[in-house]
Amino acid sequence: MDKDLVDQVIDAAQRVIASGAISANGHGNISIRVPGAEEMYFTAAPSLRDHPRSAVVRVGLDGRLLEGDLPPIQGAVVAMHTAMYADNPQVGCVLHTHSPYATAFAVARRPIGCWNEAVAMFGLPSGVPVAGYGPRGSEESIAKIRAAVVPGVPAVLLANHGVLVFHRNPDLAILVGGVVEEAAQSGINAASIGGPVEIPDSLKSAAFQRAMAFEQAGTQQA
C-alpha cells in the first residue's frame, strides 16, 4: 500500500466531513485513481468520519480486491466507482455520500436544477440528473447510473440512495459535492416561497465564462 495515496484518501475523507456535505453518521465512500495503474484506493469503513488508515483498500478497476479487507456493504458500491473511472479517463476521484438535502432530491427522484450561480460556475449548467433505481451494486444499478451521466457534468443523483460525484482530483470532487448539497438546500428552502428559478440558458454559460476569466487571471496581490 502506497503511504502517500493512503494519506490522500484519508485527507479527502476528513475534508468531506469538514465540508458538511455529508449525513450525520458520515456514511459514504471515496476513491482515488492510482496514477499510471488500473487501480484505485478506496475507503472500506462504513463511515468517512474518523476513517482509519487501516481500512483503506487497494482495488483493481476490474473490481478485484488487491490489498486489504473489504466488507460486503462497502464492496457492493465498488462497481459504481470503477464504472466512472472506466468511462471517464480524466476522472481521478469518485465521491459518494448521502448528503441530506441532495439525498432528499434523490429520494424524491427529482433532478437538481441550475438555480444557484455556483452550479453553473462549476460545470453543472444542466443541473444534476437522477439515475434510476437499481439494487446496490447490481448490473441494473450501474447501467442506470451510466445512462444518466451527462457528458461533462461531474455529478449524478442516485434514486432512493444518495449522490455520486466524479472529477479530476479530490479537491474538485469535494467542491462539487458541496455545491450540489448547497443547491439542493436552497431549492428546498425556496419551495416555501414559490420555488427556485433556473438561471436562463444564455446566462449559465456567461456565469461559467466569468468564473474561468477570474481563474485565468489568478490571485491578485497588492
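## The second largest pocket

Helix α6, made of residues 139-148, contributes three residues to the lining of the second largest pocket, and no other element gives more. Keep in mind as you explore that this is a predicted model. The space inside this pocket comes to about 150 Å³. Its lining has 17 residues, and those closest to the centre are Y133, G134, R136, S141 and H161.

What kinds of residues make up this lining? Sorted by type, there are 10 nonpolar residues, six polar ones and one charged one.

## H98 and its neighbours

One of the residues closest to the centre of that pocket, H161, also appears in the contacts of H98. You can find H98 in the loop that links strand β5 (93-97) to helix α4 (100-108).

Leaving aside residues up to four places away in sequence, H98 touches S23, H27, T103, H161 and G162. There is also a link to a residue close by in the chain: the side chains of H98 and H96 are joined by a polar contact of 3.2 Å.

## The sheet and a helix on it

Now follow the strands. Eight of them form an open sheet with mixed pairing, in the order β4-β3-β2-β1-β5-β8-β7-β6. The edges are held by β4 (65-67) and β6 (130-131); each has a single partner strand, so one side of each has no neighbour in the sheet.

Which strand is joined to β6? That is β7 (residues 155-158), which runs parallel to β6 and is joined to it by two bridges. Within this pairing, V130 has L157 of β7 as its bridge partner. Helix α7, residues 170-190, packs on the sheet and touches β1 (28-33), β5, β7 and β8 (162-167). The directions of α7 and β8 make an angle of about 145°.

## A cavity inside

How many cavities of 30 Å³ or more does a search of the whole structure find? The search finds one. The largest cavity holds about 80 Å³ of space. Its lining consists of 13 residues, and A21, L95, T97, V165 and G177 are nearest its centre. Some elements you have already met return here: α1 (3-19), β5, β8 and α7 are the elements that each give two or more residues to this lining.

By type, the lining of the largest cavity divides into eight nonpolar and five polar residues, with no charged ones. The lining of the second largest pocket, by comparison, includes one charged residue.

Terms used: Residues numbered from 1 in each chain as written. Predicted model: local features only at pLDDT ≥ 70, side-chain atom pairs only at ≥ 80, totals over all residues. Heavy atoms only, no water. Helix = DSSP H or I, 4+ residues; strand = E, 2+ residues; numbered from the N terminus. Polar contact = N/O pair within 3.5 Å; in protein donor to acceptor, adjacent residues only side chain to side chain. Contact = heavy atoms within 4.5 Å. Pairing = 2+ DSSP bridges. Axes fitted to C-alpha atoms, helices over the stretch in contact; angles between N-to-C directions. 1 Å grid on protein atoms, 1.4 Å probe; cavity = no way out; pocket = protein on both sides within 12 Å on 5 of 7 lines; lining within 4 Å. Points joined across faces, edges and corners; volume = space filled by probe spheres on them. Nonpolar A, V, L, I, M, F, W, Y, C, P; charged D, E, K, R; others polar.
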